[in-house]
Amino acid sequence: MPGLPYSRENIRMKSDIIIEMISCLSICLLATVIPISDALKLANSVGMDQERPFEIRGQVTGIAKGSFSITDDSGHAFIHRMTTNKVAAGDIVTVRGSLCPDKGKYTSLRATEIIKEGFRQAPVPTPATLKEITSGRFDYRVVRTQGIVSDAVADGIDSRYFLITLTDGADSAVMVWPRDKDVNSILDARIELLCICRPTYFTSRLFVPYLLEPCRGEPLRIIEPPPTDWFSVDSISSLLNISPSEMLHLGRRRATGTVIAIWDNAYVMIRT
């Protein structure tokens, strides 16, 4: 009835006002800088097919190809740079972009805008063993580690890279290496690597839980070069009953036989 305080028209008008207020409040909230830890929780609270805008502020700790690591007092994150803005280790930046949950576990932060706010000396990279790296304590952090390059295979997901196995005899980790760089010069070498530790749980890389992303510049130093005689190693006696994890630590071995197949100019099948 007209004239009543709660007529349909009045209710509709009040509903429109409430919706407009909620929209304004949402915009204000989205424009607020939030801690990195809260940004990760926010991203993981939405569905796989959704994205959420974010704004965080922190210090750049390491640069990888097309990405960088960032930290604040609450935690660490790995940012995919979707903009031409360049950053350097030590930069204090405000980052805006979209949060994309990675199957509910780890999060991809895609930066569409980077604003430099200042600079201070970047934190010294943390020394870490391969076992410590795969423990989860160093997720998205810049670390310095050592190991022997025991294997290199073409990356089946991204053809621009090799996947290189780094081992210390007891534990192992996998690092990415550009296909346009010589890999033979580091096979069987003991190296020191400056990298960003990036977890890949619950992604399409089911058997590679961590990827070591070499930092830009000169991230790799050869401590002990590979042997000059490529055949100065043990021969393969049998691969029966050897688990995949044990194969990672075999390293280079000799084999004698007849070549029966070659494919991708990288793989050879032999009959021993």
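**Cores, a patch and two loop residues**

Tyrosine 140 is buried, with a relative accessible area of 7% (buried means under 20%, using a 1.4 Å probe and protein chains only). This tyrosine sits in the loop between H3 and S7, and although it is not a glycine, its phi is positive, about 65 degrees. Aspartate 188, in the loop between S9 and S10, also is not a glycine and has a positive phi of about 70 degrees.

A word on what you are viewing: this is a predicted model, where local features need pLDDT of at least 70 and side-chain atom pairs count only at pLDDT 80 or more, while totals for chains, interfaces and linings use all residues. Residues are numbered from 1 along each chain as its sequence is written, and side-chain values use heavy atoms, leaving out hydrogens and water.

Now to the interior. In soluble globular proteins, nonpolar side chains tend to be buried together. Here the largest nonpolar core (buried Ala, Val, Leu, Ile, Met, Phe, Trp, Tyr and Cys residues joined through side-chain atoms within 4.5 Å) has 23 residues, of which Ile164, Met175, Trp177 and Leu212 touch the most other members. Elements giving two or more residues to this core include helix H3 (130–133) and strand S8 (161–167), with helices (H or I, at least four residues) and strands (E, at least two) being DSSP runs numbered from the N terminus. S10 gives the largest share, four residues. Apart from this core lies another, of 18 residues, among them Phe68 and Val93.

Looking at isoleucine 164 beyond its neighbours within four places in sequence, you will find contacts (heavy atoms within 4.5 Å) with residues including Val149, Trp177 and Ile186.

Note on methods: Buried means under 20% relative accessible area, exposed over 50%, partly exposed in between (1.4 Å probe, protein chains only).
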